[in-house]
Amino acid sequence: MPAPADRLTALHEGILDWFAAHARDLPWRDPDCPPWGVLVSEIMLQQTPVVRVLPRWRAWLERWPTPADLAAAPTADVLTAWDRLGYPRRALRLQEAARAIVERHGGEVPADPAALRALPGIGEYTAAAVSSFAFGIPETVVDTNVRRVLARALRGEALPGRTLTRAEMAAAHAAMPEGADRANAWNAAVMELGALVCTARSPACDRCPVREVCAWVAAGSPPPEERPRGQAWAGTDRHVRGAVMAAVREHGRVPAAQVRDAVVATGRLGAHRPEDAQWERCVAGLLTDGLLVRHDDGALAFPG
DNA sequence: AACTCGGGGCC
DNA sequence: GGCCCAGAGTT
């Protein structure tokens with residue numbers, strides 16, 4: 001196994017060359033894609049796989065090609081267009097961000113990571129990603145793919161820890177190659193390697209360009225440690241909230257007396273039948289979150 | 001640091 | 001059925 005500095009050099013060459021040959025042809029990577037398209041893609045890709053984002057992203061950019069277009073749209077249209085991408089509050093934040101871009105930045109997506117970070121729904125990852133991918137500013141981009149690739153290649157760990165630490169960010173920054181162009185390519189390349197080869201469950205090490213210098217492979221590819229159970233799904237508030245949103249998407253407006261029947265009729269609840277308290281908690285939460293409004297007659301609908 | 005917040009496809 | 005996915009915001 002090489003010394004750390006040599007390993008880093010080998011990783012740079014191996015991953016950058018691999019990316020040049022194997023990168024997916026994603027529309028938001030097109031040099032002609034405007035920063036707005038990159039921003040929309042990053043929001044949609046938060047916790048949602050590429051294959052599900054692609055069709056929604058195309059329709060979105062065609063319908064709202066600039067921040068000003070989205071800022072002026074009825075929020076109900078925005079939520080409907082979000083469709084089933086999940087976490088619909090992201091759609092609200094994206095429209096709020098578009099309005100802030102119009103008000104604070106003259107309608108142009110800002111390049112500065114701090115200005116991006118100040119927009120609704122944009123955290124440390126997304127701010128860095130937009131700066132790097134849309135504007136060529138070599139910020140340190142660390143998503144779940146980057147965390148996993150670096151955990152394996154540099155530290156020999158099967159999977160990264162539960163939360164991103166400052167030490168991990170510093171290590172990711174230190175691992176970047178010199179030069180803005182190479183650093184920006186590196187950001188995309190490590191993510192792509194994690195998405196296509198160095199995957200969470202069944203990494204394709206036989207196709208990996210850097211298996212010779214990977215600390216995890218060198219250690220014999222030890223299995224990950226037991227991790228605490230993730231959130232359950234069936235019957236949770238998230239499940240019920242999603243079904244309520246689906247009912248409103250399908251009908252546009254759901255009379256108060258028909259809410260439960262309409263939601264059950266979506267088929268999304270399976271066999272689960274919420275208790276009164278859960279119905280009320282979920283609808284109240286959606287109203288509080290601004291994802292629904294209640295009309296004077298009690299009917300539920302999307303806002304605006 | 002731990003929690004909530006969708007949804008679908010795959011093992 | 002559990003697990004994972006280009007995370008963010010709140011507590």
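This report walks through a predicted model of a protein with DNA, looking at the surface by the DNA, a pair of packed helices and two loop residues.

## Meeting the DNA

Let's start with DNA strand B, which has 20 residues around it. Among these, Thr48, Tyr87, Arg238, Arg241 and Gly242 come nearest. By type, the residues of this surface split into 9 charged, 6 nonpolar and 5 polar.

Helix H13, which covers residues 237-251, supplies the largest share of the surface near DNA strand B, with 6 residues. On the DNA side, 57% of the strand B atoms within 4 Å of the protein belong to sugar or phosphate, and the rest belong to bases.

## Polar contacts with strand B

Some contacts are worth finding in the structure one by one. Two of them involve bases. In the side chain of Thr48, an N or O atom is 2.8 Å from a base nitrogen of DNA strand B. Gln47 uses its backbone instead: one of its backbone N or O atoms lies 3.0 Å from a base nitrogen of strand B.

Arg84 takes us to the phosphates. An N or O atom in the side chain of Arg84 is 3.1 Å from a phosphate oxygen of DNA strand B.

## Two helices packed together

Next, look at helix H2 (residues 35-44) and helix H8 (residues 124-135). Their axes are 9 Å apart, and the two pack at an angle of about 145 degrees. The crossing of H2 past H8 is right-handed.

On the H2 side, the residues that meet H8 are Pro35, Val38, Leu39, Glu42 and Ile43. Their partners in H8 are Tyr125, Thr126, Ala129, Val130, Phe133, Ala134 and Phe135. This contact between H2 and H8 is made up of 10 nonpolar residues, 1 polar and 1 charged.

## Two loop residues with positive phi

Gln47, which we met at the DNA, sits in the loop between H2 and helix H3 (50-63). Although Gln47 is not a glycine, its phi is positive, at about 70 degrees. Is Gln47 buried or exposed? Its relative accessibility is 67%, so Gln47 counts as exposed.

Asp83 also has a positive phi without being a glycine, with a value near 55 degrees. You can find Asp83 in the loop between helix H5 (75-82) and helix H6 (89-105). Asp83 counts as partly exposed because its relative accessibility is 30%, and the partly exposed range runs between 20% and 50%.

Methods:
Residues numbered from 1 in each chain as written. Chains lettered and ligands numbered in written order. Predicted model: local features only at pLDDT ≥ 70, side-chain atom pairs only at ≥ 80, totals over all residues. Heavy atoms only, no water. Near = heavy atom within 4 Å. Polar contact = N/O pair within 3.5 Å; in protein donor to acceptor, adjacent residues only side chain to side chain. Helix = DSSP H or I, 4+ residues; strand = E, 2+ residues; numbered from the N terminus. Nonpolar A, V, L, I, M, F, W, Y, C, P; charged D, E, K, R; others polar. Axes fitted to C-alpha atoms, helices over the stretch in contact; angles between N-to-C directions. Left-handed = near helix turned anticlockwise from the far one by under 90°. Contact = heavy atoms within 4.5 Å. Buried < 20%, exposed > 50% of the residue type's maximum accessible area, 1.4 Å probe, protein only.
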